[in-house]
Structure formats: structure tokens, C-alpha cells
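Hello,

Here is the structure you asked to look at. Please open it first, then read the notes below.

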Amino acid sequence: IAQSTNMSWFTGCKVKTQDGREVEIKTLKDALNNWVCAPKRDTDKALRVPISGIYTIKGVGTVLAGRVEQGSVKPGNEVVFVPTHTASSGANSCAGKVFSVEMHHKSVPEAGPGDNVGMNVKGLDKVN
């Protein structure tokens, strides 16, 4: 966090950020605070969540787990799940309503890009 006295020879280095600014890095804290830029999160686009797991929990229902890539998900949203590389209105699509959204076993009002979520979805067709 602080510059070491054991490396008095190291005076840091100057680097350019992705937005073109030149910053001087002397410590790991400098690098994280001044050089690393947070990625742009697309919250205004349609929801996209690659599903990493499907769980049927007795007394709860069907829980779909995945990472929100773009958009946002809230309880009460109507969602359509479509297999990869198919049309959005294809025969394999499956619709339902998000009943609750959880992150790390805690219910949240909304999940955005970058969040790993579990969604309790009602009304899914059991065949798909």
C-alpha cells in the first residue's frame, strides 16, 4: 500500500490509461486507483444472462443462476430464455416471470451487469 523503504531505487513508472491520461504508478494502490478503469456497464440494453445452472429447490421452485452481462433484472420482470445461436422467438424459447432475485443468499431489489445472481422464476415450461 505504501512505498517501501527497502526499494529506494524504484521511483515508479509513468503509464497511459485507456482514456489517454498519463499517470505515475509507485504502488499497487496507485495502480488500482489511478490506472485501472472500471468497464462500461450496459444497463440500458436488453437483459442478457448466460445461465450457468438450473436448480429445482423443493418449496422454492426453479432457480436459474448466471451472471448478468447487460441490462438489469428485477423481481416482477417478464423474461424469455432462448438457447444459444437461435432466433429470439424460436420454438425452444421458454418464458416466465422473475419472482425474486438473490445475490450471495440475500434478496436484492435489482441486479445489474457484472452481478452473479440466482433468479427464482415462475411459470417456466417443465419440458424446456
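Two strands count as paired if DSSP finds at least two bridges between them. This model is predicted, and in it strand β1 (residues 13-16) and β2 pair in the antiparallel sense over four bridges. K16 has E22 in β2 as its bridge partner. Five residues lie between the strands of this hairpin, and G20 takes a positive phi near 95°.

In a regular strand the side chains alternate between the two faces of the sheet. Strand β2 (residues 22-25) shows such an alternation: V23 and I25 point to one face and are buried, while E22 and E24 point to the other and are not.

Next, the aromatic rings. A search of the whole structure finds one aromatic pair. The pair is W9 and F10, set edge-to-face, with 6.0 Å centre to centre and 80° between the planes. W9 counts as exposed because its relative accessibility is 63%, and the cut-off for exposed is over 50%. F10, with a relative accessible area of 27%, is partly exposed. Elsewhere, K122 lies over the face of F99, at 5.1 Å from the ring centre.

Last, a pocket. The second largest pocket holds about 320 Å³ of space. Its lining has two or more residues from each of β3 (51-57), β4 (61-67), β6 (94-103) and β8 (116-122), and β8 gives the most, with five residues. Of the 18 lining residues, V63, A65, E102, V117 and G118 lie nearest the centre of the pocket. By class, the lining has eight nonpolar, eight polar and two charged residues.

Regards

How values were computed:
Residues are numbered from 1 along each chain as its sequence is written. This is a predicted model: local features need pLDDT of at least 70, side-chain atom pairs count only at pLDDT 80 or more; totals for chains, interfaces and linings use all residues. Side-chain values use heavy atoms; hydrogens and water are left out. On a 1 Å grid over the protein atoms alone, a cavity is a set of points where a 1.4 Å probe fits but cannot get out, and a pocket is an open set with protein on both sides within 12 Å along at least five of seven lines; lining residues have an atom within 4 Å of a point. Grid points are joined across faces, edges and corners, and a volume is the space filled by probe spheres set on the points. Ala, Val, Leu, Ile, Met, Phe, Trp, Tyr, Cys and Pro count as nonpolar, Asp, Glu, Lys and Arg as charged, and the others, Gly among them, as polar. Buried means under 20% relative accessible area, exposed over 50%, partly exposed in between (1.4 Å probe, protein chains only). Rings of Phe, Tyr and Trp (its six-membered ring) pair if their centres lie within 6.5 Å; planes under 30 degrees apart count as stacked, over 60 as edge-to-face and the rest as tilted. A charge sits over a ring if NZ of Lys or CZ of Arg is within 6 Å of the ring centre and within 35 degrees of the ring normal.
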